[in-house]
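Here is a short briefing for a first look at one protein model. Please keep the structure open while you read.

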Amino acid sequence: MNAAGVLGMSPSILKRIYDSGAGAVVTKSLGPKPRKGHPNPTFVRVEAGGLNAMGLPNPGAEYFVDEIKELKNMGVPVIASFFGGSVQEFAEVAYTLSRAGADALELNASCPNVAEELGMLAADANNVEKVTAAVKDQTKLPVFVKLSPSVTNIKIIAKAAEWGGADAITAVNTVKAIAIDVNMRRPILANVTGGLSGPAIKPIALRCVWDVVQAVNIPVIGCGGITTGEDAVEFILAGATALEVGTAVMTHGIGVYKDINDRIASYMTENGFKEIKEMVGLAQE
Ligand code: DHB
């Protein structure tokens, strides 16, 4: 899959991602109402990655209902990423997106850039459980809960999501970070802090997957700095059963999905694996 947020969310771009080898697409995070997001600059390239504070700009879940239908009509499996500012809002948005015909929901419990009522959601196991349970109450769809790596103990948060009824954990979202312009002597992003993504965070993401796999009995989706087929294999060996690729699309183009798929396949041939599931978690044994 693509990671939520990259390349925006127009149906035609998501369709291209699917046609390029992704097994499903993930929308940019949708909220209860239209949001403009943060003022510019919202993105800066840094060593081995990108730093962004978009501020969750989106047209609102209701507006996106038709886009989801359009994608479904084109035969594309759609994971709708979403967020809310309160437990109630999370539940309402989940309901709207389910009615739209999404195949699954990805609960963004971890945007680093929005400090509202649930600003500390990512780091609070009780809130993660509460929000997940409220969402599961409103939908029959599988719910993936996407966690932040910027927490003391990701195992506890993952467990809380599982208790709340999560069907899978996506590990992980971006890492909160800062870049400073030495000439202006100011932070580059208007929001000051942003979410770091790309190869810079791959070892962190891999450690998070490793920990979450040990903590829960539901599938884990790996995300964070995956660029090559070898990266993908690392996450699978750590125990991930599906993967999301985001920043690499910006650095390597849309062909990255096919390149990763092809390299996983050649790695499997070279090493005598017939099915992905034979490799899942092997490094933990
Ligand atoms: C934004 C949201 C995220 O979940 C993230 O990891 C980075 C940025 C945002 O829209 O600001």
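Lys-258 is partly exposed, because its relative accessible area is 48% and the partly exposed class runs between 20% and 50%. Its side chain meets that of Asp-262 in a salt bridge, at 2.7 Å from N to O. Keep in mind that this model is predicted.

**Salt bridges within one helix**

- Lys-258 and Asp-262 both belong to helix H9, which spans residues 256–271. Four residues separate them, about one turn of the helix.
- Is Asp-262 buried, exposed or partly exposed? Asp-262 is partly exposed, with a relative accessible area of 39%.
- Helix H6 also holds a pair of this kind: Asp-211 and Arg-207 sit four residues apart, about one turn of the helix. Their closest N and O atoms are 3.6 Å apart, and the two form a salt bridge.
- Asp-211 counts as buried because its relative accessible area of 18% falls under the 20% cut-off. Arg-207 is partly exposed, at 39% relative accessibility.
- Side chains of opposite charge can pair when their charged atoms come close.

**A salt bridge between two helices**

- How many salt bridges does the model have? The count comes to 11.
- One of them joins Lys-202 and Glu-234, with the closest N and O atoms 2.6 Å apart.
- This pair links distant parts of the chain, 32 residues apart. Lys-202 lies in helix H6 (residues 202–215), and Glu-234 lies in helix H7 (residues 229–238).
- Lys-202 counts as buried, at 14% relative accessibility. Glu-234 counts as partly exposed, at 32%.
- Asp-262 was described above as partly exposed, at 39%. A network elsewhere takes in Lys-202, Asp-231 and Glu-234, joined by salt bridges that share partners.

**The parallel sheet**

- Seven strands make up an open sheet with parallel pairing. Their order is S1-S4-S5-S6-S7-S12-S13.
- Which strands stand at the edges? They are strand S1 (25–26) and strand S13 (242–244). Each has a single partner strand, so one side of each is left without a neighbour in the sheet.
- Further in, strand S4 (residues 78–82) and strand S5 (residues 104–108) run parallel. Four bridges join them.
- To see one bridge, find Ile-79: its partner in S5 is Ala-104.
- Strands of a sheet pair through backbone hydrogen bonds, either parallel or antiparallel.

**The antiparallel sheet**

- Another open sheet has four strands, in the order S2-S3-S11-S8. Here the pairing is antiparallel.
- Strand S2 (43–46) and strand S8 (175–178) are the edge strands. Each of them pairs on one side only.
- Neighbouring strands of this sheet are turned by 40 degrees against each other on average, direction ignored.
- S2 pairs with strand S3 (residues 49–52) in the antiparallel sense, over four bridges.
- What stands opposite Val-46 in S3? The residue is Gly-49.

**Aromatic pairs**

- There are two aromatic pairs by count.
- Phe-82 and Phe-90 make an edge-to-face pair. Their centres are 5.8 Å apart, with 70 degrees between the planes.
- Phe-82 is buried, with a relative accessible area of 0%. Phe-90 is buried too, with a value of 1%.
- Tyr-267 and Phe-273 make a stacked pair. The distance is 6.3 Å centre to centre, and the angle between the planes is 15 degrees.
- Are Tyr-267 and Phe-273 buried or exposed? Both are buried.

**A nonpolar patch on the surface**

- Leu-7, Phe-43, Met-54 and Met-250 make a nonpolar surface patch of about 310 Å².
- Met-250 lies in helix H8, which covers residues 247–252.
- Why can Met-250 belong to a surface patch? Patch residues need over 30% relative accessible area, and Met-250 has 42%, so Met-250 passes that cut-off. Met-250 is classed as partly exposed.

Notes. Residues are numbered from 1 along each chain as its sequence is written. This is a predicted model: local features need pLDDT of at least 70, side-chain atom pairs count only at pLDDT 80 or more; totals for chains, interfaces and linings use all residues. Side-chain values use heavy atoms; hydrogens and water are left out. Patches are made of residues with over 30% relative accessible area and no salt bridge: like charges are joined within 9 Å, nonpolar side chains (Val, Leu, Ile, Met, Phe, Trp, Tyr) within 5 Å. Accessible areas come from the Shrake-Rupley method with a 1.4 Å probe; for residues, only the protein chains shown count as cover. A salt bridge is a side-chain nitrogen of Lys or Arg within 4 Å of a carboxyl oxygen of Asp or Glu. Helices (H or I, at least four residues) and strands (E, at least two) are DSSP runs, numbered from the N terminus. Buried means under 20% relative accessible area, exposed over 50%, partly exposed in between (1.4 Å probe, protein chains only). Two strands pair if DSSP finds at least two bridges between them. Axes are lines fitted to C-alpha atoms, for helices over the stretch in contact, and angles run from 0 to 180 degrees between N-to-C directions. Rings of Phe, Tyr and Trp (its six-membered ring) pair if their centres lie within 6.5 Å; planes under 30 degrees apart count as stacked, over 60 as edge-to-face and the rest as tilted.
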